[in-house]
Amino acid sequence: REEFKNAITNADYITFDLGVNNFGGFVSQRLLTRGTPDEVQVDYAHILSDSQLTLFNTAKDAMSKIISKLADDETADTVNYMLDTLAYAYVGFIVNFDACMEKIYELNPCVDMTVVSIMNLMEGLSADIGDITVPFGDLFGVVIDLANNHMANICCYKYKYSYESRTDIRKELCIDEDTL
């Protein structure tokens, strides 16, 4: 929208926080509706290069083999669905984040910006699926850590902005975890 473009173009400083829709909204919706793996097939080909897609599929296949050894077919399908959901959210986040950075610096190449990390909104959450308890909060945390690592260390614009971890911000402000 034009008003956002104007605000970015005229900004001296931007605080950037992205990820709730990629992770919180999308992941929660897919997992809480408990769709079957056959209902929603995710096509990564439109957002990943051929080499990225090959790496993604290799990793996904390896995880699926491990899961199938730990659980019956129905449970393995459900866990794989959860992993696929997390992977799709992660890939979508990276694409959105990089596109946002590109657009912001296109509109305002000299703006000072701080990018703020994403929190694990599902920390401590687990789900009983079949005979196993899946530490979903821990799995989600791995994906959040990957996204935070992308913002802090991998994005091609990382040298243009400063990155702040929410954990570091809480420590600096002397906010303890129980207060949140």
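Here are some worked exercises on a predicted model of a protein.

**Exercise 1. The overall layout**

Task: Work out how many helices and strands the protein has, and in which order they run.

Solution:
- Start with the count: the secondary structure comes to six helices and five strands.
- Next, read the elements from the N terminus on, which gives α-β-α-α-α-β-β-β-α-β-α.
- Then turn to burial: 37% of the 180 residues count as buried.
- For the surface, the accessible area is about 11100 Å², and carbon and sulfur atoms hold 54% of that.
- Finish with the contacts between residues at least 6 apart in sequence: 76% of them join residues at least 24 apart.

**Exercise 2. A phenylalanine in helix α4**

Task: Decide whether F97 is buried or exposed, and find what F97 is in contact with beyond its neighbours within four places in sequence.

Solution:
- Locate the residue: F97 lies in helix α4, a helix that spans residues 73-107.
- Compare its accessibility with the cut-off: buried means under 20% relative accessible area. F97 has 0% relative accessibility, so F97 counts as buried.
- List the partners, leaving aside neighbours within four places in sequence: F97 is in contact with F16, L18, V115, H150, M151, C155 and Y161.
- Pick one of these partners, H150, for a distance check: the C-alpha atoms of F97 and H150 are separated by 9.2 Å, while the two residues are 53 residues apart along the chain.

**Exercise 3. The partner's side of the story**

Task: Look at H150 in turn, and say where H150 sits and which residues H150 is in contact with, leaving aside neighbours within four places in sequence.

Solution:
- Find the element: H150 belongs to helix α5, residues 136-154.
- Check burial: H150 is buried because its relative accessibility is 5%.
- Collect the contacts, again without neighbours within four places: I94, F97, D98 and C155.
- Cross-check the two lists: C155 appears among the contacts of F97, and C155 is in contact with H150 as well.

**Exercise 4. A threonine in a strand**

Task: Place T114 in its element, and explain why T114 counts as buried.

Solution:
- T114 is found in strand β2, which covers residues 112-116.
- T114 counts as buried because its relative accessibility is 10%.
- Not counting residues up to four places away in sequence, T114 touches Y13, I14, T15, F16, S162 and E164.
- Note F16 in that list; F16 is also a contact of F97.

**Exercise 5. Charges that pair**

Task: Find how many salt bridges a search of the whole structure gives, and describe each pair.

Solution:
- Recall the principle: side chains of opposite charge can pair when their charged atoms come close.
- The search finds two salt bridges.
- One joins E3 and R1, with the closest N and O atoms 3.9 Å apart. R1 counts as exposed because its relative accessibility is 64%, and E3 is exposed with a relative accessible area of 52%.
- The other joins K103 and E106, with the closest N and O atoms 3.0 Å apart. Both residues lie in helix α4, three residues apart, about one turn of the helix. K103 counts as partly exposed, given its 36% relative accessibility.

**Exercise 6. Charges that gather**

Task: Identify which residues form a negative surface patch.

Solution:
- The patch is formed by D72, D73, E74, D77 and D131.
- Take D73 as an example: D73 lies in helix α4.
- At 63% relative accessibility, D73 counts as exposed.

Notes. Residues are numbered from 1 along each chain as its sequence is written. This is a predicted model: local features need pLDDT of at least 70, side-chain atom pairs count only at pLDDT 80 or more; totals for chains, interfaces and linings use all residues. Side-chain values use heavy atoms; hydrogens and water are left out. Helices (H or I, at least four residues) and strands (E, at least two) are DSSP runs, numbered from the N terminus. Buried means under 20% relative accessible area, exposed over 50%, partly exposed in between (1.4 Å probe, protein chains only). Contact means heavy atoms within 4.5 Å. Patches are made of residues with over 30% relative accessible area and no salt bridge: like charges are joined within 9 Å, nonpolar side chains (Val, Leu, Ile, Met, Phe, Trp, Tyr) within 5 Å. Accessible areas come from the Shrake-Rupley method with a 1.4 Å probe; for residues, only the protein chains shown count as cover. A salt bridge is a side-chain nitrogen of Lys or Arg within 4 Å of a carboxyl oxygen of Asp or Glu. Lys and Arg count as positive and Asp and Glu as negative; His and the chain ends are not counted. The place of a charge is taken as NZ of Lys, CZ of Arg, CG of Asp or CD of Glu.
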